[in-house]
Amino acid sequence: MCGRTSLSIDATDLENRFDIEIDDQDVPKRYNIAPRDDLLAVRNDEPETCAMLNWGLVPSWADGPDAVQRPINARAETVRERSFFRPTYENRRCLILADGFYEWKDDRGTKQPYRFQRTDGDPFAFAGLWESWTDGSEELRTCTILTTEASPIMQPVHDRMPVILEPDEEDAWLSEGNGAVLEDVIDPYPEEELEAYEISPRVNDPTNDDPGVIEPADTTQSGLGDFST
């Protein structure tokens, strides 16, 4: 699954990497983004610009934002089959921008957090779905992140991981009605392009949103450490 992420890259660098325009150049650097926070995304209806989407999907037919369970993840293997996600998958796809994500390893009853990021530190895009809900006066735009089977680097921590798109898959993912794309991107991200390391339990509290969250933990006592190599 994917329940926490980060994006601390300068807006100009994001614009250059994804060939987009970011309307608000003061997009804050985030080190600990949690569900119901806003995520920076590129939607298929406006692929040249970025917008903030609230994390936790609310379908357009819902009676209200709190009238349905708001999934933060959708299983890529079944997203086309579930009525909750099918119309969104077919019509409203997005790239959710990030530079890392977090997962917790259950070590004899203790939840140890790990950070996962590209080995070169560059930003990347999750495959996402987005929705627009309105009551006629208020509009709420929301999103969810697709997940797939864990790659070998992820397996010691969790059996699922977010679908991370390769740069040459991003435009295809945004294209509507391309059913073959899901099979193309569902495979776990290349092992050699990701690294993982143990971080402090400070990440457990979403109010801790500072550079210290992503610093490697002191693993001299834990015996877990970095298993990315």
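**Three buried strand residues: N54, I33 and S6**

The side chain of N54 makes a polar contact with the side chain of R70 at 2.6 Å; a polar contact is a pair of N or O atoms within 3.5 Å, where within protein one must be able to donate a hydrogen and the other to accept it, and residues adjacent in sequence count only if both atoms are side-chain atoms. This is a predicted model, in which local features need pLDDT of at least 70 and side-chain atom pairs count only at pLDDT 80 or more, while totals for chains, interfaces and linings use all residues. Residues are numbered from 1 along each chain as its sequence is written, and side-chain values use heavy atoms, with hydrogens and water left out.

**Around N54**
- N54 sits in strand 4, residues 51–55 (strands are DSSP runs of E, at least two residues, numbered from the N terminus).
- N54 is buried, with a relative accessible area of 12% (buried means under 20%, with a 1.4 Å probe and protein chains only).
- Not counting residues up to four places away in sequence, N54 touches R36, D37, D38, R70, L140, R141, T142 and C143 (contact means heavy atoms within 4.5 Å).

**Around I33**
- I33 belongs to strand 2, residues 30–33, and is buried at 4% relative accessible area.
- Beyond its neighbours within four places in sequence, I33 has contacts that include S6, L7, D38 and W55.
- I33 and N208 are 175 residues apart along the chain, with 9.8 Å between their C-alpha atoms.

**Around S6**
- S6 is part of strand 1, residues 5–7, and is buried, with a relative accessible area of 0%.
- The S6 side chain makes a polar contact with the side chain of D99 at 2.6 Å.
- Leaving out residues up to four places away in sequence, S6 touches several residues, among them I33, D99, Y102 and R115.

Terms used: Helices (H or I, at least four residues) and strands (E, at least two) are DSSP runs, numbered from the N terminus. Buried means under 20% relative accessible area, exposed over 50%, partly exposed in between (1.4 Å probe, protein chains only).
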